[in-house]
Amino acid sequence: MESRKIGLLIALVGMLGATPDAMLLRLENDEGAVSSTILIWRYLLVGAIQFAIASSMSGVRGLLRASTLAPKCNFAAALLVTASNLGFVFSLLWVDPAKSLLLISLNSLWAALLGYAVCGDELPARTALAQGGALISLAVVFVPDCYELKPDALDLIPLATGIAMAAYLTLARFVALRLPRSSLELSPALGSLASIGF
């Protein structure tokens, strides 16, 4: 299977996984679960699964050795994963879910822009047009609130979440290109466990 089709399949599975996740988060909240309880159990389990997957790929020793080759990048990646995790949960709990998912889903466009700026990727015309469309969708979300002088600062949470996700993807690509012997495979597990602390 060619890489584009694999990428589309991964995006489809991710989208199908995110929609029930948003519904379950709202349901847990409506049933009286507090945000800290949701975060602790969610990211304790996610962190354990991510660590198991990462260590199964290269072994625990290999994982730790590869992670120490770029410690600053691993630390930054863990912070970006933590921001993405917390932002995703709080976006879905505190902001309109449709608006949250719209703003978070713009992460691929931000990743393209960051890839252009950081990794020197090409920015095709269709991506530049999509960036313009993204700016229009942001205007549709934010301008009416600003016009009524009732801007909702909580709307910035899903926007920042999407940008943090894009920054993590760009950092992972940067490390793969510039430091091929190092690895960020441990960072998602560390970021998930750090999410519990907040």
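This tour moves from the whole chain to one residue in a helix, then to a pair of helices, and lastly to a residue further along the chain. Please keep in mind throughout that the model is predicted.

**The whole chain**

Begin with the protein chain selected in full and coloured by secondary structure, where you will find eight helices and zero strands. If you then follow the chain along its sequence, the elements come in the pattern α-α-α-α-α-α-α-α. Switching to a surface view, you are looking at an accessible surface of about 11800 Å², of which carbon and sulfur atoms hold 71%. Of the 198 residues in the chain, 36% count as buried. Should you display contacts between residues with a separation of 6 or more, 79% of these contacts join residues that are 24 or more positions apart.

**Ser-55 in helix H2**

Next, select helix H2, which covers residues 35-68, and pick out Ser-55 within this helix. Is Ser-55 buried or exposed? Ser-55 is buried, because its relative accessible area is 14%, and the limit for a buried residue is under 20%. With the side chain of Ser-55 shown as sticks, look for its polar atom, which lies 3.2 Å from the backbone oxygen of Ala-52. Then add Val-60 and Leu-63 to the selection, since Ser-55 touches both of these residues when those up to four places away in sequence are not counted.

**Helices H3 and H4**

Now select helix H3 (residues 71-94) together with helix H4 (residues 97-104), and turn the view until both axes can be followed; these axes come within 7 Å and cross at roughly 150°. Why do H3 and H4 count as roughly antiparallel to each other? The reason is the crossing angle of roughly 150°, because angles over 145 degrees are placed in the roughly antiparallel class. The crossing of these two helices, H3 and H4, is right-handed. To see where the pair meets, show the side chains of Phe-88, Ser-91 and Leu-92 on the H3 side, and those of Pro-97, Ser-100, Leu-101 and Ile-104 on the H4 side.

**Ile-163 in helix H7**

For the last stop, move along to helix H7, residues 156-178, and select Ile-163 there. Ile-163 has a relative accessibility of 38% and therefore counts as partly exposed. Which separation lies between the C-alpha atoms of Ile-163 and Asn-107? Selecting both residues and drawing a distance between their C-alpha atoms should give 5.7 Å, although Ile-163 and Asn-107 are 56 residues apart along the chain.

Note on methods:
Residues are numbered from 1 along each chain as its sequence is written. This is a predicted model: local features need pLDDT of at least 70, side-chain atom pairs count only at pLDDT 80 or more; totals for chains, interfaces and linings use all residues. Side-chain values use heavy atoms; hydrogens and water are left out. Helices (H or I, at least four residues) and strands (E, at least two) are DSSP runs, numbered from the N terminus. Buried means under 20% relative accessible area, exposed over 50%, partly exposed in between (1.4 Å probe, protein chains only). Contact means heavy atoms within 4.5 Å. Accessible areas come from the Shrake-Rupley method with a 1.4 Å probe; for residues, only the protein chains shown count as cover. A polar contact is a pair of N or O atoms within 3.5 Å; within protein, one must be able to donate a hydrogen and the other to accept it, and residues adjacent in sequence count only if both atoms are side-chain atoms. Axes are lines fitted to C-alpha atoms, for helices over the stretch in contact, and angles run from 0 to 180 degrees between N-to-C directions. A crossing is left-handed if the near helix is turned anticlockwise from the far one by less than a right angle, and right-handed if clockwise.
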